[in-house]
Amino acid sequence: MAGEKKSLHPAFAVTNIKILIPVILDIKQDEYLSWVFLFELHIQAHRLLFLIDGSQKPADVDADTEKQLDTLYRQWICATMTKDLMLTVLKKGKTTKEIWDHLKTLFQDNKCSRDANLESKFVNLKFSDCASVDNYCDKLKSLSDRLHDLDFPMNDKRLLIQLVNGFPEEYNILASFI
């Protein structure tokens, strides 16, 4: 009908995607699953899942709005990744779905080698490699979390054993209490 007002899609109200998705996607880091989790929460809340999963778009989204939302979503993806990764991704995808699928392939295909590399870092981390006890604990926890993101979970017992094994001899009394 003429004169009928079209409502603004809620996704257009997002002014800074980095506040909602604080993880910066980087091929050198293993935070892909965390990034995907946050993105999927966000896009479900804004009714944009149809852009990546092929589901039916909402009835109130016309063709022009769909194109705008796809562009907006691609901007969000690019804003939450490193420049090097962004330049690689831009060459491989013209739509949100193409970019999303490319990222999935990129991060999931070499998962085994990243698992092995991270586990090696985890096992070989020593207290002497760190500036303080807090720094040592933080690094172990970070490696454990990154391994978990690659579907290679570290249980608390293994994390604790690695923590104690990495201590120098002067911490033997502390290690025995732990």
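**Close-up 1. Arg158 and Glu119 form a salt bridge.** The closest N and O atoms of the two side chains are 2.7 Å apart; a salt bridge here is a side-chain nitrogen of Lys or Arg within 4 Å of a carboxyl oxygen of Asp or Glu. This pair links distant parts of the chain, with Arg158 in helix H9 (residues 156-165) and Glu119 in helix H7 (residues 111-124), 39 residues apart. Helices are DSSP runs (H or I, at least four residues), numbered from the N terminus. Arg158 counts as partly exposed at 31% relative accessibility, and Glu119 is partly exposed too, at 22%. For these labels, buried means under 20% relative accessible area, exposed means over 50%, and partly exposed is in between (1.4 Å probe, protein chains only).

A quick note on what you're looking at: this is a predicted model, where local features need pLDDT of at least 70 and side-chain atom pairs count only at pLDDT 80 or more, while totals for chains, interfaces and linings use all residues. Residues are numbered from 1 along each chain as its sequence is written, and side-chain values use heavy atoms, with hydrogens and water left out.

**Close-up 2. Lys97 and Asp101 pair up within helix H6.** Their salt bridge has its closest N and O atoms 3.0 Å apart. The two residues sit four places apart in the helix, so about one helical turn separates them. Lys97 is partly exposed at 33%, and Asp101 is partly exposed at 32%. A search of the whole structure turns up six salt bridges.

**Close-up 3. Helix H4 carries a salt bridge between Asp70 and Arg74.** Here the N to O distance is 2.9 Å, and again the partners are four residues apart, about one helical turn. Asp70 is buried at 11%, whereas Arg74 counts as partly exposed at 24%. H4 itself covers residues 63-79 and reaches 24 Å from its first C-alpha to its last, close to the 24 Å expected; that expectation is 1.5 Å times one less than the number of residues. At the start of the helix, a side-chain oxygen of Asp62 comes within 3.3 Å of the backbone nitrogen of Asp64. Among the buried residues of H4 are Leu69, Leu72, Tyr73 and Trp76. The buried residues pack against helices H1, H2, H3, H5 and H6.

**Close-up 4. His42 and Tyr32 are both found in helix H2.** His42 is buried at 7%, and Tyr32 is buried at 6%. Leaving aside neighbours within four places in sequence, His42 is in contact (heavy atoms within 4.5 Å) with Val14, Ile17, Leu20, Ile21 and Trp76. With the same neighbours left aside, Tyr32 is in contact with Leu25, Leu103, Lys104, Phe107 and Gln108.

**Close-up 5. Asp26 is buried yet has no salt bridge.** This residue lies in the loop between H1 and H2. The nearest side chain of opposite charge, Lys28, is 5.4 Å away. Still, the side chain of Asp26 reaches the backbone nitrogen of Lys28 at 3.0 Å. Asp26 also touches Thr82, Leu85 and Phe107, not counting residues up to four places away in sequence.

**Close-up 6. Cys130 and Cys137 are not joined by a disulfide.** Their sulfurs are 8.8 Å apart, too far for a bond; a disulfide needs a pair of cysteine sulfur atoms within 2.5 Å. Cys130 is buried at 12%, while Cys137 is partly exposed at 29%. The whole structure has zero disulfides.

Key: Polar contact = N/O pair within 3.5 Å; in protein donor to acceptor, adjacent residues only side chain to side chain. Lys, Arg positive; Asp, Glu negative; His and termini not counted.
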